[in-house]
Amino acid sequence: MSLHVIQNVEGLRRHLYAALQLEHATIPPYLTALYSIRPGTNAEAAQIIRTVAVEEMLHLTLVGNVLNAIGGRVDLTRPGFVPAYPAYLPDGETDFQVSLQRFSPEAVETFLRIERPASLDAPEIRTVSRTPHPSGIDAARVSDAGEEHFYSIGEFYKAIESGLKFLHAQMGDKLFCGDRSRQIGPEYYYSGGSGLIEVTDIDSALAALELIAEQGEGIHADIFDEDGEIAHYYRFHQLVAGKYYQPGDSPHEPSGAPVPVDWSAVYPVRTNARLDRFSSADLRESAAAFNTDYARFLKSLTEAFDGKPDLFLEAVGDMFRLKDAFGQLVRTPLGDDETAAPTFEIDAAMEALR
Amino acid sequence: MTPSTTLDAFANLSAALTGFDAAQLIGTGNAELFWDLLVARAGPANAEALLTVWTEQVEAEAHRDRAIRIAILSDRRYGPMARNLIRLWYVGTWKQLPADWRGAYAPTLADGDIIPAPQAYTEGLLWPAVGANPPGAKPFGYAMWAKPPRVTLDSKDTPHA
């Protein structure tokens, strides 16, 4: 393999599109776990999952800004953008799949894998190989050479960062040929993590990628970043360890206040629920309506990225509506000690909207 | 009846009384809470008798609307219970059953006004019925107050269309 995974602008755009898919692909699993928690219980766990999910939305928007800055297009409506769960992540980890499942030790175990630090045992970018899997996502095939598989999200972003620097050295500021009016600014994002960064040059592009890496798995296994914010990996680890991290702690040895977790105070939502497996016609209709609303929401976000940033404000209203519908589904019993959940079968719903 | 068929019958009766469909009512998460409250406040015998009248004399009737008026809403025993359920589903409040009803059918049971749980209010049917969010609950996002309400009567309706 050559020194740089990314050789040209087209390759960079493909990787950034995969990054969009990646950031988004984590959100339905986080939300399923979050909304399976019974209201009034597990306040600490709910808070941890909620803040991570909201930051993934920030990351998606940051990646969107970088992609728009280099003249790409943020299309969240493309077939396959939302994976069929269980799914491999778009950056190609091979050793685990991500499911839509209730808040449980298994779910948190998956979240730890999603957010695992890049440099825990090796400093260089590692790619791992796997044979193509039917539920894998096309975006794993991001390079000209074939599939790439990164061990962690951190390493995937390192490859993007190095490609960005490589192309900027070759092309100079011509790399940033995107329309500035398509940048989503901090006025459109609130409630969680840091603000949005408008991307117009190499410095702002690197700052955007840095923020994602820093909030996600932590860099160089740092638990807290310079603003004192705890990395996602360690946030989730607190649920396993049953204790909060405090400054000065070593990885995997939190010594703060206890984090109480009640694994039983959870709606028993069906893992990776599918529309065609719901026996009630009413329920199929409600679950299909959720998918349609979600598809419409992604369409509206796409228009926002396409130069109508005001639509972002309305999209926030959509999110609250989706949350309400999410709650109705997880409270609906399926009769076999399970409850329903959104199925996130978005491709079919999107197709019906065209 | 088994617990799950009891809840199904209760959801179907409630659907006929409120005009919402059973799936929506179950989706509020309040069906079991409300059934338990009915049993506690009206007594198990009265609650189960109400379900029996529903399943045996109303549910399968061709003119169900008429049947429910005759067999339940106009009935001295079942009418007050049914009206209490309608109020409970819509505004989340259980009103004390009328004194003459308690004297006749549940003389030994204590009853009084109660909001049985916070979600009885937030998931009240009043809100989708009037196309609004419950005040003080279900925040709808920054600046959304400048937009028309987007609550729909039927969760399957699409406010965008």
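Reader: Is R182(A) buried or exposed in this structure?

Author: The model is a predicted one. Burial is judged by relative accessible area, and a residue counts as buried under 20%. R182(A) has a relative accessible area of 19%, so R182(A) is buried.

Reader: Where in chain A does R182(A) lie?

Author: A residue is placed by naming the helices that flank it. R182(A) belongs to the loop between α5 (153-171) and α6 (202-215) of chain A.

Reader: Which residues does R182(A) touch, not counting residues up to four places away in sequence?

Author: Contacts show which parts of the chain meet at a residue. R182(A) touches N65(A), N68(A), G72(A) and R73(A), and also F305(A), D306(A) and G307(A), with residues up to four places away in sequence not counted.

Reader: How should the secondary structure of chain A and of chain B be read?

Author: One lists the helices and strands of each chain. Chain A has 10 helices and zero strands, whereas chain B has nine helices and zero strands.

Reader: How many of the residues of chain A and of chain B count as buried, in percent?

Author: The share is taken over the whole chain. In chain A, 56% of the 354 residues count as buried; in chain B, buried residues make up 42% of 161.

Reader: What do contacts between residues distant in sequence show about each chain?

Author: One takes the contacts between residues at least 6 apart in sequence and asks what share joins residues at least 24 apart. That share is 70% in chain A and 57% in chain B.

Reader: Which residues have the most contacts inside the largest nonpolar core?

Author: A core is described by its residue count and by its best-connected members. The largest nonpolar core has 107 residues, and Y157(A), F236(A) and L298(A) have the most contacts inside it. Helix α3 (residues 43-69) of chain A gives the largest share of this core, 14 residues. Apart from this core lies another, of 38 residues, which includes L38(B), L51(B), W54(B) and L125(B).

Reader: What does Y157(A) touch, not counting residues up to four places away in sequence?

Author: Leaving out those sequence neighbours, Y157(A) touches A19(A), L22(A), E23(A), V63(A), L209(A) and I212(A).

Reader: How is the contact between the two chains to be read?

Author: One considers the residues taking part, the area buried and the charged pairs. The contact takes 20 residues from chain A and 20 residues from chain B. The area buried between the chains is about 1800 Å², and carbon and sulfur atoms give 55% of it. R296(A), R321(A) and R331(A) supply 28% of the area that chain A buries against chain B, more than any other three residues.

Reader: How many salt bridges are there between chain A and chain B?

Author: The count is three salt bridges. In one salt bridge, D324(A) pairs with K138(B), and the closest N and O atoms are 3.0 Å apart.

Reader: Which residues make the nonpolar surface patch of about 370 Å²?

Author: A patch is read from the residues that form it. F140(B), Y142(B) and W145(B) make this nonpolar surface patch of about 370 Å². F140(B) is found in the segment after α9 (126-130) of chain B.

Reader: Why is F140(B) called partly exposed?

Author: Partly exposed lies between the cut-offs of 20% and 50% relative accessible area. F140(B) has a relative accessible area of 34%, and therefore F140(B) is partly exposed.

How values were computed. Residues numbered from 1 in each chain as written. Chains lettered and ligands numbered in written order. Predicted model: local features only at pLDDT ≥ 70, side-chain atom pairs only at ≥ 80, totals over all residues. Heavy atoms only, no water. Patch = residues over 30% accessible without salt bridge, like charges linked within 9 Å, V, L, I, M, F, W, Y side chains within 5 Å. Areas by Shrake-Rupley, 256 points an atom, 1.4 Å probe, with all protein chains shown as cover. Salt bridge = Lys/Arg side-chain N within 4 Å of Asp/Glu carboxyl O. Helix = DSSP H or I, 4+ residues; strand = E, 2+ residues; numbered from the N terminus. Buried < 20%, exposed > 50% of the residue type's maximum accessible area, 1.4 Å probe, protein only. Core = buried A, V, L, I, M, F, W, Y, C linked by side-chain atoms within 4.5 Å. Contact = heavy atoms within 4.5 Å. Buried area = accessible area lost by both parts, 1.4 Å probe.
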